[in-house]
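Colleague: Before accepting the labels attached to this model, I should like to hear the reasoning behind each of them. Please set every value against its criterion.

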Amino acid sequence: MSATRAALPPRQQFDEPGGRPVDRRRGSTLLRHLAVVLAAGLLLLALSYAVEPFRNFQLATVVAYFCATAGLTVLTGLNGQLSLGHGALMATGAYTVALCQTAFADRGMTGGWLLPLSLGAAVVSTVAVGAVVGVAAARLRGPYLAGVTLAVAVVVPALAVTFDGVFNGEQGLSVPVEPPPLSLGAYFPYERWQLWVTGAATLLALLLLANLIRSRYGRTFRAVRDDEVAARLAGIHVARTQVLAFVVSAATAGLGGALLAVLAQSVSPGAFSLTLSLFLLMAVVIGGLGRLTGALWGAVLLVALPDLTHSLTDMLTLSPAVAQRLEGNLPLAIFGLTLIVVMIAAPGGVQGLLSRLGRALLARRPTRRS
Amino acid sequence: MDRFVFLTVDGLSRGAVYSAFALALVLIWRAARVVNFAQGAMAVAAAYVAYTVSAATGSYWLGFVVAIVAGLLLGALVDRVVMRHVDHASPLNPVIVALGLVLLIQAVLGMVYGSEFRPAEAPFSRSALTVGGLAVLSPYDLFVFATIGVVVSGLAWMFARTPVGLRMRAAAFAPEVSRLLGVNVGGMLTLGWALASGVGALAAMLVLPTELGLHPHAMDLVFVSAFTAAVVGGLDSPPGAVVGGLVVGLVLSYVSGYAGSDLTPLAVLVLLLAVLLVRPGGLFAPVTARRV
């Protein structure tokens with residue numbers, strides 16, 4: 001609904017954060033975002049041929065996480081609503097895609113349009129759940145909101161066990177995904193196909209999200225975050241804005257969860273625990289709240305850090321029991337510690353540091369902090 | 001009828017623990033305007049310390065005391081090392097830092113103790129005594145009621161009657177004025193964190209024997225229930241936290257007894273949402289104009 005609005009060139013743009021007016025002569029926002037997305041798509045395409053299949057899979061995972069973290073950074077960074085329940089929203093999307101794909105497979109339906117349909121259904125169902133949570137969230141502030149979304153994150157995975165007739169309990173469901181179309185060749189690597197699918201879906205979502213941020217709606221998001229009373233006086237419907245932000249964020253989280261399910265070809269409640277929700281939050285905070293590029297850094301970190309600690313524990317030649325304990329927990333410990341340190345020392349996150357560095361190098365104007 | 005009495009007693013026993021845990025949340029909220037989301041993880045850490053001590057010495061009571069001391073120290077440590085340095089300008093920041101602590105503490109516990117469930121022993125029998133043909137209280141329930149009763153009345157006495165309690169209340173409500181009057185506001189804040197964390201550790205020691213056992217994530221759902229209890233009573237009201245804890249305990253006990261224990265997490269969520277949407281300030285909040 002916002003796409004047409006977003007396409008209109010905004011009268012005045014504010015860079016994020018701090019409200020520095022930026023150059024108005026940059027041309028159409030939509031065209032600029034399209035160009036960036038096309039460039040990113042081409043880069044992904046080139047990468048998918050350049051790297052080995054396992055790296056392709058990892059890249060696809062990064063891309064899927066990016067989809068979710070981008071939505072969360074819009075909600076938390078731009079609209080000021082803290083959600084600890086995005087893991088649960090991802091689970092909603094993932095289970096929807098699993099149920100849809102299983103239903104299609106059971107009826108023997110095949111075709112390239114089925115997966116987009118399932119992903120669309122995942123987005124729709126998450127939007128519905130997100131609207132319910134969002135309506136409640138719009139009435140809550142600060143720690144109350146955090147508490148409710150925390151409850152959502154703890155409770156929703158447990159529902160998979162409660163209604164195990166549908167969701168198959170702790171075992172979870174498998175997600176039947178069709179092989180890549182034959183027109184790509186008989187020996188087309190499956191991981192490359194996965195990267196293409198996740199890349200296409202995420203880039204589409206990001207294009208819409210980036211336009212939304214730059215649109216009238218994006219500005220109302222920020223206005224509500226900064227001062228609710230002022231926003232209300234300026235004629236902004238605060239509650240409606242907050243629900244909209246939550247729904248948008250839920251949609252991308254659902255898509256991200258659905259993409260992860262397609263990648264893993266299975267879903268289980270264990271994959272969408274409270275820890276995942278905390279991971280997402282950590283990713284957007286470390287990357288830099290409110291910035292889509294920050295969400296990208298966070299997503300990269302989510303995939304890279306466990307991989308790095310894995311190779312680290314491999315190098316140390318520990319006993320299997322110790323190595324097993326370290327492997328699952330060392331990334332968590334590093335994440336937690338980094339989160340605390342970043343919050344205390346560098347609230348702007350990685351992207352904040354980078355842009356401060358960039359500004360200092362360019363020395364256009366004295367660095368300003370938000 | 002038997003079942004109803006049993007569920008009521010069981011619910012009150014669990015509720016007493018939720019009360020203590022909610023009280024710990026309220027203590028920190030009143031002192032520092034922070035909801036300590038790391039409370040559950042900190043309490044589990046203290047319980048693990050107790051487990052180690054008990055396993056080494058064979059004495060439950062030594063472990064029990066050590067858990068509370070560890071809780072006190074951990075609370076003071078968290079305040080001094082972490083929370084004091086967080087920018088409190090946005091209410092999001094302390095919450096995010098507390099969540100970082102959750103990740104860190106649970107990961108460290110997982111690295112040290114592994115993530116399998118360990119048995120948490122109870123000091124008294126958990127089988128119920130029968131009075132006139134009705135299975136009513138177990139000795140363990142009595143122990144829980146007595147301990148929580150002592151802690152709650154001790155805290156109430158401390159805040160209402162002692163100079164330290166007065167200073168803590170003053171530091172929480174008017175930090176600038178208290179500082180001018182010579183109150184060590186920072187010290188009072190640290191004391192508040194230590195007390196809250198000690199109470200949390202005590203609650204963990206009491207609740208873990210009735211759960212699956214000791215596990216880095218053992219207190220996740222207890223935390224959510226206790227948060228619900230604190231919200232039911234109103235985050236600003238210590239008596240509200242106690243009553244809220246008992247209410248939540250009873251509701252969960254009835255739901256799990258009559259509708260199935262699988263549904264208790266959902267019941268917590270529904271209760272939390274219902275209270276927040278109907279009475280956001282809690283059941284005991286005075287009627288105030290809503291801040292827009």
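Modeller: Let us start with A:Ala146, which lies in helix H6 (residues 142-162) of chain A. The model is a predicted one.

Colleague: What makes A:Ala146 buried?

Modeller: A residue is buried if 20 or more other C-beta atoms lie within 10 Å of its own. A:Ala146 has 26 other C-beta atoms within 10 Å, and therefore counts as buried.

Colleague: Which residues does A:Ala146 touch, leaving aside those up to four places away in sequence?

Modeller: In chain A they are A:Leu82 and A:Leu84, and in chain B they are B:Val35, B:Phe37 and B:Val95. By contrast, A:Ala146 and A:Pro179 are 33 residues apart in sequence and 41 Å apart in space, C-alpha to C-alpha.

Colleague: How many residues does each chain bring to the contact between chain A and chain B?

Modeller: Chain B brings 41 residues and chain A brings 42 residues. On the side of chain B that touches chain A, H4, H9 and helix H11 (264-278) of chain B each supply at least two residues. H4(B) gives the most to that side, with 16 residues. By class, the side of chain B that touches chain A has 32 nonpolar, six polar and three charged residues.

Colleague: How do you know that the length of helix H2 (residues 39-57) of chain B agrees with what is expected?

Modeller: The expected span is 1.5 Å times one less than the number of residues. For the 19 residues of H2(B) this should give 27 Å, and the end C-alpha atoms are 27 Å apart, so the two agree. Buried residues of H2(B) include B:Gln39, B:Met42, B:Tyr48 and B:Tyr51. The buried residues of H2(B) pack against H1, H3, H4, H8 and H9 of chain B. After H2(B) comes B:Gly58, with a positive phi near 80°.

Colleague: Which residue in the loop between H1 and H2 of chain B has a positive phi although it is not a glycine?

Modeller: That residue is B:Arg33, with a phi of about 55°. Partly exposed is the range between 12 or fewer and 20 or more neighbours; B:Arg33 has 14 other C-beta atoms within 10 Å and is therefore partly exposed.

Colleague: Why is A:Gln265 called partly exposed?

Modeller: A:Gln265 has 13 C-beta neighbours inside 10 Å, so it counts as partly exposed. A:Gln265 lies in the loop between helix H11 (238-264) and strand E2 (266-267) of chain A, and its phi is positive, near 60°, in a residue other than glycine.

Colleague: Why are H5(B) and H6(B) called roughly perpendicular?

Modeller: The axes of helix H5 (residues 139-161) and helix H6 (residues 163-173) of chain B come within 5 Å and cross at roughly 75°. Angles of 65 to 115 degrees count as roughly perpendicular, and so H5(B) is roughly perpendicular to H6(B). Among the residues that meet are B:Phe159 in H5(B) and B:Met168 in H6(B). By class, this contact has five nonpolar, one polar and two charged residues.

Colleague: What makes H13(A) and H15(A) oblique to each other?

Modeller: Helix H13 (residues 292-315) and helix H15 (residues 349-362) of chain A pack at about 125°, with their axes 8 Å apart. Perpendicular ends at 115 degrees and roughly antiparallel begins over 145, so H13(A) and H15(A) are oblique. H13(A) passes H15(A) in a right-handed crossing. A:Thr293, A:Gly294 and A:Trp297 in H13(A) meet A:Gly349, A:Val350 and A:Gln351 in H15(A); by class, the contact has two nonpolar, four polar and no charged residues.

Key
Residues numbered from 1 in each chain as written. Chains lettered and ligands numbered in written order. Predicted model: local features only at pLDDT ≥ 70, side-chain atom pairs only at ≥ 80, totals over all residues. Helix = DSSP H or I, 4+ residues; strand = E, 2+ residues; numbered from the N terminus. Contact = placed C-beta atoms within 7 Å. Axes fitted to C-alpha atoms, helices over the stretch in contact; angles between N-to-C directions. Parallel < 35°, antiparallel > 145°, perpendicular 65-115°, else oblique. Left-handed = near helix turned anticlockwise from the far one by under 90°. Nonpolar A, V, L, I, M, F, W, Y, C, P; charged D, E, K, R; others polar.
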